[in-house]
Number of protein chains: 2
Amino acid sequence: MKKRLFSPGPTPVPERVLLSMAEPLFHHRDPAFEEVFREVREGLKYVFQTEQDVLILASSGTGAMEAAVVNTLCEGDAVLVVRGGKFGERWAEICEAYGLRVVPVDAVWGEAIDPILVQRSLEADPEIRAVMVQACETSTGVLHPVKELCDIVREREDTIIIVDAISALGAVDLPMDRWGIDVMVAGSQKALMLPPGLSFVALSEKAWRFVKRSTLPKYYFDLEAELRSQRKNQTHFTPAISLVVGLREALRMIKEEGLQNIFERHKLLARAVQEAVRAMGLELLADSPSPTLTAIKLPSGIDGQELKRRLEDRYGLIVAGGQEHLKGRIIRIAHMGYFEPSDILQVVAALELELKGMGYPVELGRGVSAAQKVFEEADL
Amino acid sequence: MKKRLFSPGPTPVPERVLLSMAEPLFHHRDPAFEEVFREVREGLKYVFQTEQDVLILASSGTGAMEAAVVNTLCEGDAVLVVRGGKFGERWAEICEAYGLRVVPVDAVWGEAIDPILVQRSLEADPEIRAVMVQACETSTGVLHPVKELCDIVREREDTIIIVDAISALGAVDLPMDRWGIDVMVAGSQKALMLPPGLSFVALSEKAWRFVKRSTLPKYYFDLEAELRSQRKNQTHFTPAISLVVGLREALRMIKEEGLQNIFERHKLLARAVQEAVRAMGLELLADSPSPTLTAIKLPSGIDGQELKRRLEDRYGLIVAGGQEHLKGRIIRIAHMGYFEPSDILQVVAALELELKGMGYPVELGRGVSAAQKVFEEADL
């Protein structure tokens, strides 16, 4: 059966990206590769909305999260971590592994963090050197208020804000320079429409000053060494060449569509899913849902793991279940990157069928027609 | 012009491997991916010649080198590093970045380390916890005496041997278990015939005991966490899915040919290049040349950088120059992975032409015929 990815990473990779990666490899010191690298560096600045260098690493997104930590901080530093899901917890785990003092600010899973809580924590603990947050918390589908947090952190000379934009960048408006994001981290396998294996990190001038004083150990993820090499359109260590070639193609697609159009498309797709969910009598998990994925609370009696299995077995649709205490209680449908309205119609219609098949009283067509109306009104 | 890679990484990727990576992605928690993962885990054990788990990381080879260090050692530990080229120096740099005390044992670039020197150093400094060496030092084409070093280290309960097999594994016989290699590191873009972006590391039981006491910080490269996940045919973080799919195809090719046949093929290819070099009146840099690449000393008056450029411009052949103080003075021709006798005939013939074109007095056909004779005698 044809598999259709609605998982929040990996996401579907466009055919032209897949084919570009199947071309014979060239050498990473070849001028032809340097030309590719120059182009992707420019394209990444466009997507990050920054004048800073966006560094490319051969790792999955967690590697770039670790790079953000070990390059800007010192042993014993205090850091404020917004924890409202599995990836907030990952920030804390990385920091603890490197001997940092973690000050957690917790949100209920499914709720966006209240910026006031962060502000109070910062005021209570002047030693905090960094605030870490997800733009989109993948485990809950929540969009955290990054802009408001940036406004709070900007006032503090000795504190930076580090944003995990892995499940958001390229689908959600995150203007790094304009908002004052100090470190922004991304991965290849989300809205950037690539297989996993590349990650990205960009630093503000303020964050580069933190790099100068950072004493945490690093070698593979040494961003100063990478910056020196990448400014020459090379990498410090051997790059994941085929993925970088694929990235060029994906970034060309992004430029062709235009960032603003992409943001609007994601909002539209998300609204269609959200309306369908409501029309089916279900609720969203997130109080501030991300345009990149929708987490749906399941009615009692409907097991999320079974629903996920049925969608895969009968329709080839790969959605995600819940993690940790949400296992079985939600499903997550991603719509970031290479997605169009027809994908949404497909997943909503299948979801409706399977919910009904599992005994949930839903009239076939209720959810689909709600999604259809969103597209009709958008006058596609 | 068609580019032909004779560089020691990246190396040519077989068409069937490239095409396998162009297939639509599946999800890394999908049973179909777990089946791929199970198969590559078995295949890697075959190539590593080990019963231990071979862990797969999303990084280039240096990441796995760092993983080997940070998972087995403690801050302040003394380590013996065999330095006879750029990659020996890399071991030292990684160790220094993590606050280890590096005891260098130096070889002249181009010479294999004398095991006696290592033995004496170990005897003089009983605090040494690890010996680090390259199987093949890529910057010089030297094969270090790994077996002899293993025999020395085996006697010491509190010392392990860590071998960088990046430019050797899958082309040179390195029976991890039989020789007693404690940690072996490899990368995807060498004899494993893949693009860069994956690295591999396997640990002996003795090395896993070192992991228990290791206190160096790690998160992305935490091998215990990886072991737990990979034994379930998953990875701790999102794997580089498309490269893992390519790896399956490459490992199938390796199994089809058979490791022993592959070792013999590499010896034959190397002998043909070596004979050609001698017939042209040139010398090898390495006193113990690796079957994976051949470093050739250039006569005075022949600039290696120009030779490299001419080979690329006129024949599309990508060879490597010298690094550091050898820049311009040698060229390195790799023949690891997807190489056959016809590739050798091609590169030797072009080399002869360009050396003559640059004023070196060589009779056309001298080198080629020496290589031809090697193949003739092998009765292909």
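Several elements of chain A cover the buried residues of helix α9(A), including α2 (31–48), β2 (54–57), α3 (61–72), β10 (199–203) and α8 (205–213). This is a predicted model. The points below take up that helix, then the contact between chains A and B, then the symmetry.

**Helix α9 of chain A**
- Helix α9(A) spans residues 223–230.
- Its buried residues are Leu223(A), Glu226(A) and Gln230(A).
- These residues lie on the same side of α9(A), because they cover an arc of only 55° around the axis.
- Strand β10(A) and helix α8(A) are among the elements that cover them.

**The contact between chains A and B**
- Chain B puts 43 residues into the contact, and chain A puts in 43 residues.
- On the side of chain B that touches chain A, at least two residues each come from α1 (15–21), α3 (61–72), α4 (86–97) and α10 (241–257) of chain B.
- Helix α3(B) gives the most to this side, with four residues.
- Sorted by class, this side of chain B has 24 nonpolar, 14 polar and five charged residues.

**Symmetry**
- Two copies of a chain are related by a rotation about an axis and a shift along it.
- Here, a turn of 180° and a shift of 0.0 Å along the axis lay chain B on chain A, with an RMSD of 0.0 Å.
- The axis is therefore two-fold.
- The C-alpha of Ser59(B) is the nearest to the axis in chain B, at 2.4 Å from it.
- Both copies use the same surface: 100% of the contact residues of chain B recur in chain A.

Definitions and conventions
Residues numbered from 1 in each chain as written. Chains lettered and ligands numbered in written order. Predicted model: local features only at pLDDT ≥ 70, side-chain atom pairs only at ≥ 80, totals over all residues. Buried ≥ 20, exposed ≤ 12 C-beta atoms within 10 Å, placed from the backbone. Arc of directions from axis to C-beta. Contact = placed C-beta atoms within 7 Å. Nonpolar A, V, L, I, M, F, W, Y, C, P; charged D, E, K, R; others polar. Least-squares fit on C-alpha atoms with pLDDT ≥ 70 in both.
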